[in-house]
Amino acid sequence: MAIEVIFNIILGLLILFYLFEAMQLPNIDDTVDVLGASGFPQIIGILALLVLLVISYRVIRENKVVQVSLFNVRLPEGRLLLVNIFLLAGYIALLSILGFAVSTLLYLFIAPTSFGYSKWRLLTFFSVAGSLVLVSVFGSVFYVPLPRGIGLFRELSYLIY
């Protein structure tokens with residue numbers, strides 16, 4: 001129990017530092033945004049503190065060690081978490097090589113299979129539709145500069161967004 005409380009205290013201090021930094025964001029008065037630049041980060045920080053307080057209260061009240069099966073690599077849940085961490089790291093590493101569109105397509109196809117999903121037609125449709133929606137929304141609607149990749153993937157990305 002003591003290690004969980006110590007961890008929660010350290011996490012609480014980090015969240016407080018985050019809140020302090022969020023409050024330092026400048027507010028521009030001539031915008032339509034009611035919350036300002038620091039409003040949404042402050043809401044997230046306050047919610048994180050509230051959740052942390054509830055978790056800490058439960059840990060202290062129950063006075064027993066909390067077993068998290070996700071962190072035990074010997075259990076299937078732990079192995080699944082480890083596989084998905086490596087999948088996400090691979091996705092991030094491939095973003096600059098294959099570009100956003102191709103990397104997202106591959107990730108949306110491979111990640112559900114790690115959970116045991118095996119309906120290939122629906123999975124293919126989901127990965128193609130999901131990557132098309134993400135590329136069109138972020139690349140074409142919001143004009144977010146997405147990674148284009150290198151070589152042939154870079155040239156193909158100019159056709160898409």
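Here a biologist questions a modeller about a predicted model.

Biologist: Which helix holds Leu-47, and what are its residue limits?
Modeller: Leu-47 sits in a helix rather than a loop. That helix spans residues 39-62. Its label is H2.

Biologist: Is Leu-47 buried, partly exposed or exposed?
Modeller: Buried means under 20% relative accessible area, and exposed means over 50%. Leu-47 has 46% relative accessibility, so Leu-47 falls in between and counts as partly exposed.

Biologist: Which residues make the nonpolar surface patch, and what is its area?
Modeller: Leu-47 is one of the members. The others are Leu-35, Ile-43, Ile-46, Leu-50 and Leu-53. Together they make a nonpolar patch of about 570 Å².

Biologist: How far does H2 reach from its first C-alpha to its last?
Modeller: H2 has 24 residues. At 1.5 Å a residue, the expected reach is 34 Å. The model comes close to that, with 35 Å.

Biologist: Which residues of H2 are buried, and what helps to cover them?
Modeller: The buried residues of H2 are Gly-39, Pro-41, Gly-45, Leu-52, Ser-56 and Val-59. Their cover includes another helix, made of residues 2-23. That helix is H1.

Biologist: Is Ile-60 buried or exposed?
Modeller: Ile-60 also belongs to helix H2. The cut-off for exposed is over 50%. Ile-60 has a relative accessible area of 51%, so Ile-60 is exposed.

Biologist: Which residues does Ile-60 contact, leaving aside neighbours within four places in sequence?
Modeller: Ile-60 and Ile-10 are 50 residues apart in sequence, and their C-alpha atoms are 16 Å apart in space. The contacts of Ile-60 are with two other residues. They are Met-1 and Val-5.

Biologist: What phi does Asn-63 take?
Modeller: Asn-63 comes just after H2. Its phi is positive. The value is about 55°.

Biologist: Where is Pro-26, and what is its relative accessible area?
Modeller: Pro-26 is in the loop between H1 and H2. Its C-alpha is 8.2 Å from that of Gly-36, 10 residues apart along the chain. Exposed means over 50%. Pro-26 is exposed because its relative accessible area is 59%.

Biologist: Is Thr-104 buried or exposed?
Modeller: Thr-104 lies in helix H3, residues 76-114. Its relative accessibility is 3%. Buried means under 20%. Thr-104 is therefore buried.

Biologist: Which residues does Thr-104 touch, not counting those up to four places away in sequence?
Modeller: Ile-92 is 12 residues away in sequence, with 9.6 Å between its C-alpha and that of Thr-104. The residues that Thr-104 touches are Tyr-91, Ser-131 and Leu-134.

Biologist: Which backbone oxygen does the Thr-104 side chain reach?
Modeller: The partner is a backbone atom. The distance is 2.7 Å. The oxygen belongs to Phe-100.

Biologist: Why does Ser-127 count as buried?
Modeller: Ser-127 is in helix H4, residues 120-141. The cut-off for buried is under 20%. Ser-127 counts as buried because its relative accessible area is 2%.

Biologist: How far is the Ser-127 side chain from the backbone oxygen of Thr-124?
Modeller: Leaving aside neighbours within four places in sequence, Ser-127 is in contact with Leu-105, Leu-108 and Phe-109. Its side chain also reaches the backbone oxygen of Thr-124. That distance is 3.0 Å.

Biologist: Where is Tyr-143, and what is its phi?
Modeller: Tyr-143 is in the loop between H4 and helix H5, which is 152-160. Tyr-143 counts as exposed, at 65% relative accessibility. Its phi is positive, in a residue other than glycine. The value is near 55°.

Conventions: Residues are numbered from 1 along each chain as its sequence is written. This is a predicted model: local features need pLDDT of at least 70, side-chain atom pairs count only at pLDDT 80 or more; totals for chains, interfaces and linings use all residues. Side-chain values use heavy atoms; hydrogens and water are left out. Patches are made of residues with over 30% relative accessible area and no salt bridge: like charges are joined within 9 Å, nonpolar side chains (Val, Leu, Ile, Met, Phe, Trp, Tyr) within 5 Å. Accessible areas come from the Shrake-Rupley method with a 1.4 Å probe; for residues, only the protein chains shown count as cover. A salt bridge is a side-chain nitrogen of Lys or Arg within 4 Å of a carboxyl oxygen of Asp or Glu. Helices (H or I, at least four residues) and strands (E, at least two) are DSSP runs, numbered from the N terminus. Buried means under 20% relative accessible area, exposed over 50%, partly exposed in between (1.4 Å probe, protein chains only). The expected span of a helix is 1.5 Å times one less than its number of residues. Contact means heavy atoms within 4.5 Å. A polar contact is a pair of N or O atoms within 3.5 Å; within protein, one must be able to donate a hydrogen and the other to accept it, and residues adjacent in sequence count only if both atoms are side-chain atoms.
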